[in-house]
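Please find below a short note on the fold and its interior, set out as numbered points.

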Amino acid sequence: MIGTGMVTAASLFRRSTVAANYTAQKILRDGYHYEQHQVTTKDGYMLTMFRIPGSPAKPHSAGKDVAFLQHGLLGSSADFVISGPDRALGYMLVDAGYDVWLGNARGNVYSRRHISLDPDATETKFWDFSWHEIGHFDLPAMIDYVLQHTGQQSLQYAGHSQGTTSFFVMAATRPDYNKKIRSMHALAPVAFMSNLHSPFVRILSPLVDELAWMLDILGVHEFLPSTKMMELVGKRNCHDRSDFQELCANVLFLIGGFNKAQLNRTMLPELLKTVPAGASVRQLIHYAQEFNSGHFRQYDHGFKENKHRYGAKYPPDYPLQLVSAPVALHYSDNDWMAGVQDVHKLHTKLPNSIGRFRVPDPRWSHLDFVWGIDANKLLYNRVISIMSRYN
């Protein structure tokens, strides 16, 4: 018999309940108020949002300006509160007087539900999406809900990584949403990807067609879901007295670039409670396709399916000339996912770019935009200052 206190192998791969409750618990622990909201997209995905309407210093009141924050690939709403008061962008915006809403894209630990599709079924259509659907369905549904709930006509938007990609999808394919955005702040903007440095994406990209076929045959559709094992690994091996803490840090750096000085190692066990938060395999494949093609375009289903869906051999490019919302591009020199040349190319394609704003740290990496120790001083103060000009 297995004792009740023993951890079994099967239990390690169950979904982490800590991850699913982390954002709410973190906000409460930090002394802020929160609300939890759910919205259903037109194609049936049930998304969870968290609202931070006020704090002891800035109580909730009607009519506040609204700020909406959207996470990156494998991230969640937790990214914008995990660094704590005076450091995390979510809290800094609340303290600046905003009514803050944190989004969660379909497929992550907070939005892993559908009105009819089962994400855990052997053969399921639940995971048949990339970041195109997040931009085309999820963001509009969440933004409409927020505006209706607050009585506002428009809001401030800040996204990290995939949170920028999906915004550009929305603003290009559903241009009526541009008027609902006062200003958009792209933290580590990812659209064009020809000049990225991430070894992970560079190794994956040449094999993307074969990998997509193989994973489909094997029935693998979910990429790095949040599990108890990741939570346990972080708790046991990434704390301040652990010999393995440096390894934990370097695994994160492998994905987004290396900046030893900006990673709060004490925060690593907390990070591994929430990261990775889960995604569809197609989200990663879509990024690999962008690197291979040099285009910012829709998902490539192969010649035959492309002809059926798009009426052409290749997927169509996103019409960035339709992105009329004011967009500020916040970038860095050491971002392995958003190369400087690619950010500059994106800037030239946007008709209403506020400008390119370089983080004044030559080592600033892709993940520092959400977890960097000095993000408040080097990035967020400027973001909030620019936002205030558009209220």
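The points below cover the basis of the model, the overall fold, the nonpolar cores and one strand.

1. The model is predicted; local features need pLDDT of at least 70, side-chain atom pairs count only at pLDDT 80 or more, and totals for chains, interfaces and linings use all residues. Residues are numbered from 1 along each chain as its sequence is written, and side-chain values use heavy atoms, with hydrogens and water left out.

2. The protein chain has 15 helices and 11 strands (DSSP runs, numbered from the N terminus: helices are H or I with at least four residues, strands E with at least two). Of its 391 residues, 57% are buried (under 20% relative accessible area, 1.4 Å probe, protein chains only).

3. The largest nonpolar core (buried Ala, Val, Leu, Ile, Met, Phe, Trp, Tyr and Cys residues joined through side-chain atoms within 4.5 Å) has 52 residues, and Phe68, Leu155, Phe167, Phe168 and Phe296 have the most contacts inside it. Helix H4 (residues 131-150) gives the most to this core, namely 8 residues. A second, separate core of 44 residues includes Tyr22, Ala67, Leu102 and Leu268.

4. Strand S3 (residues 66-70) has 5 of its 5 residues buried. Val66, Phe68 and Gln70 point one way from S3, whereas Ala67 and Leu69 point the other way.

5. S3 pairs in the parallel sense with strand S4 (residues 99-102) over 4 bridges, and with strand S6 (residues 155-160), likewise parallel, over 4 bridges (pairing requires at least two DSSP bridges). Valine 66 stands opposite aspartate 99 in S4, and glutamine 70 opposite glycine 159 in S6.

Methods:
Buried < 20%, exposed > 50% of the residue type's maximum accessible area, 1.4 Å probe, protein only.
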